[in-house]
Amino acid sequence: MRKTGQLSASFRDPGGFLFSDNGILYRQINRAYSKDYARLMDSGLYDKLVKASLLIPHVETDQLPATSDAAFKVIQPERVPFISYPYEWSFSQLKDAALATLSIQKRALKLDMSLKDASAYNIQFVRGKAILIDTLSFEIYKEGQPWVAYKQFCQHFLAPLALMSYRDVRLSQLLRVYIDGVPLDLASELLPVKTKFNFGLLTHIHIHAGAQKRYSDKVVKLQTSGMSKQALTGLIESLENTIKKLTWKPAGTEWGDYYENTNYTDSAFEHKRRLVNEWALEKKPALVWDLGGNTGVFSRETAASGAFTVSFDIDPAAVEQNYRTVKSKKEQNVLPLVLDLTNPSPSLGWDNKERDSFDARGPVDMALALAVIHHLAISNNVPLPQLADFFASHCRRWLVIEFVPKSDSQVQKLLGSREDIFPNYTREGFETAFSSRFILNKTEPVRDSERTLYLMEAR
Amino acid sequence: MHFSPVPYLDPGSGSFIIQILIAVLLGLGVALRASWSKIKTYFGIKPKPEEEDDDSGDA
């Protein structure tokens with residue numbers, strides 16, 4: 001049966017919208033946007049941006065439009081392997097998304113176009129790079145007009161980055177509360193006083209917030225500014241310089257020491273790696289979720305088998321390090337993201353349908369749950385049958401899961417400060433609980449450890 | 001059919017005004033920088049080569 005539908009996140013822009021037909025994603029361009037689209041394509045801007053990996057490539061198609069009365073063209077953009085959101089990005093991911101947006105705007109201005117929006121949600125990570133996925137974000141630049149997306153850029157990028165850099169990296173989670181970016185008055189209030197001595201933050205956040213308050217009930221005509229293109233370029237460069245100087249180095253985290261505080265021996269670690277690699281090569285999943293992926297060591301084993309692997313971890317420092325590895329090694333099929341498995345991203349926005357929940361973005365061909373079960377079962381008190389249900393709902397087919405017994409020193413640590421109320425947390429209890437949802441395909445004791453690695457197939 | 005030149009985003013009155021003011025300031029800065037490098041050149045100090053713009057490569 002032919003199934004079409006407009007995507008629920010794509011409704012604001014009168015220029016067009018996304019829709020899917022039989023599982024293929026299309027973007028309808030409306031007649032109202034035809035001139036801007038023609039300029040994007042004819043000016044060479046599209047080619048330049050695609051060549052620089054800053055814009056998603058597309059092809060024009062003969063696909064019927066979803067609503068024909070307003071339609072001008074239908075294009076088919078390259079499919080993004082996994083949609084992620086700014087509240088799931090590490091510091092450097094948000095910073096790179098911000099710098100990509102500004103780089104696009106600078107290139108657009110050179111060819112007399114301008115970004116009409118600067119939403120962080122328009123950026124996705126494709127082949128390891130931050131890239132604009134909204135082909136309709138460009139408009140023909142009119143001399144004298146200020147940047148219409150300036151406020152949005154400051155709210156979506158500059159404010160959260162400044163808060164993460166100067167206050168606490170966990171403040172990225174404000175983006176989960178404020179769907180249109182962090183309100184500048186809130187950012188101004190939360191930032192330390194010393195940021196008022198930083199020209200960029202003083203002007204683009206503190207004074208900007210003050211001006212918003214002062215002029216909140218005044219009407220300003222957009223045509224009356226007379227802001228020169230040079231001044232506009234100066235503004236973009238100022239934002240760029242301000243963002244480039246924002247840094248974050250995880251405090252109290254020894255870079256690269258993640259696996260040194262565990263109780264693995266080298267041979268146990270290598271054995272686990274080899275098993276994950278072998279099973280991924282054997283089952284050939286297209287999409288893998290590594291749940292509790294840490295810095296992505298095991299994600300890289302599934303990625304090496306050709307699978308696009310999303311590496312989730314609760315620790316922003318681990319995700320940051322993982323992303324830096326992706327960048328330095330130019331890896332194309334690993335996407336590190338920040339996620340708390342005990343409270344995963346919900347569906348958000350208008351009608352709760354704009355941003356998909358973690359759950360709605362699955363299920364995947366294969367999930368990895370390595371050294372994570374004890375955190376969920378013991379630290380978070382989730383009974384084993386419910387854990388089996390959780391993993392079954394996210395795995396279309398394969399689950400690679402590690403059981404860590406109570407005798408393991410990591411579990412002993414978790415039990416050290418609390419009463420052991422987990423009589424069923426045994427290998428037998430685990431196998432019984434998971435057998436109701438999975439077939440235990442392979443069971444391998446991890447060498448030189450008390451742990452067991454399983455390859456399970458969803459029932 | 002309505003061909004709207006009006007942006008679909010609300011640029012915000014305050015954001016609109018403040019960016020013009022900031023841009024004027026930044027414009028002044030650019031002018032000052034240019035004069036300063038002229039003065040330095042006058043006294044025989046070579047101006048620093050401009051940083052490579054990542055845009056210039058394929059522009």
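Student: Before we start, where do the domain bounds come from?
Tutor: Domain bounds come from an automatic or database domain assignment. Keep in mind, too, that this is a predicted model.

Student: Good. Into which domains is chain A divided, then?
Tutor: Chain A has domain 1 at 86-245 and domain 2 at 266-458. Taken over C-alpha atoms, the centres of the two domains of chain A are 35 Å apart.

Student: How many residues does each domain of chain A bring to the contact?
Tutor: Domain 1 of chain A gives 13 residues and domain 2 of chain A gives 19 residues. On the domain 1 side, the largest share comes from α3(A), with three residues. By class, that side of domain 1 of chain A has six nonpolar, four polar and three charged residues.

Student: Switching to chain B: how many residues does each chain put into the contact?
Tutor: There are 42 residues from chain A and 26 residues from chain B. Among the helices of chain A that each supply at least two residues to this side are α2 (45-51) and α8 (229-245).

Student: And which helix has the largest share there?
Tutor: That's α7(A), with seven residues. The classes on the side of chain A that touches chain B are 18 nonpolar, 10 polar and 14 charged.

Student: Nice. At what angle do α7(A) and α8(A) pack?
Tutor: The angle is about 115°, and their axes lie 9 Å apart. The crossing of α7(A) past α8(A) is left-handed.

Student: Which residues meet there?
Tutor: From α7(A), A:Gly200, A:Leu201 and A:His204 meet A:Ser238, A:Leu239, A:Asn241 and A:Thr242 of α8(A). This contact of α7(A) with α8(A) holds two nonpolar, five polar and no charged residues.

Key:
Residues numbered from 1 in each chain as written. Chains lettered and ligands numbered in written order. Predicted model: local features only at pLDDT ≥ 70, side-chain atom pairs only at ≥ 80, totals over all residues. Contact = placed C-beta atoms within 7 Å. Helix = DSSP H or I, 4+ residues; strand = E, 2+ residues; numbered from the N terminus. Nonpolar A, V, L, I, M, F, W, Y, C, P; charged D, E, K, R; others polar. Axes fitted to C-alpha atoms, helices over the stretch in contact; angles between N-to-C directions. Left-handed = near helix turned anticlockwise from the far one by under 90°.
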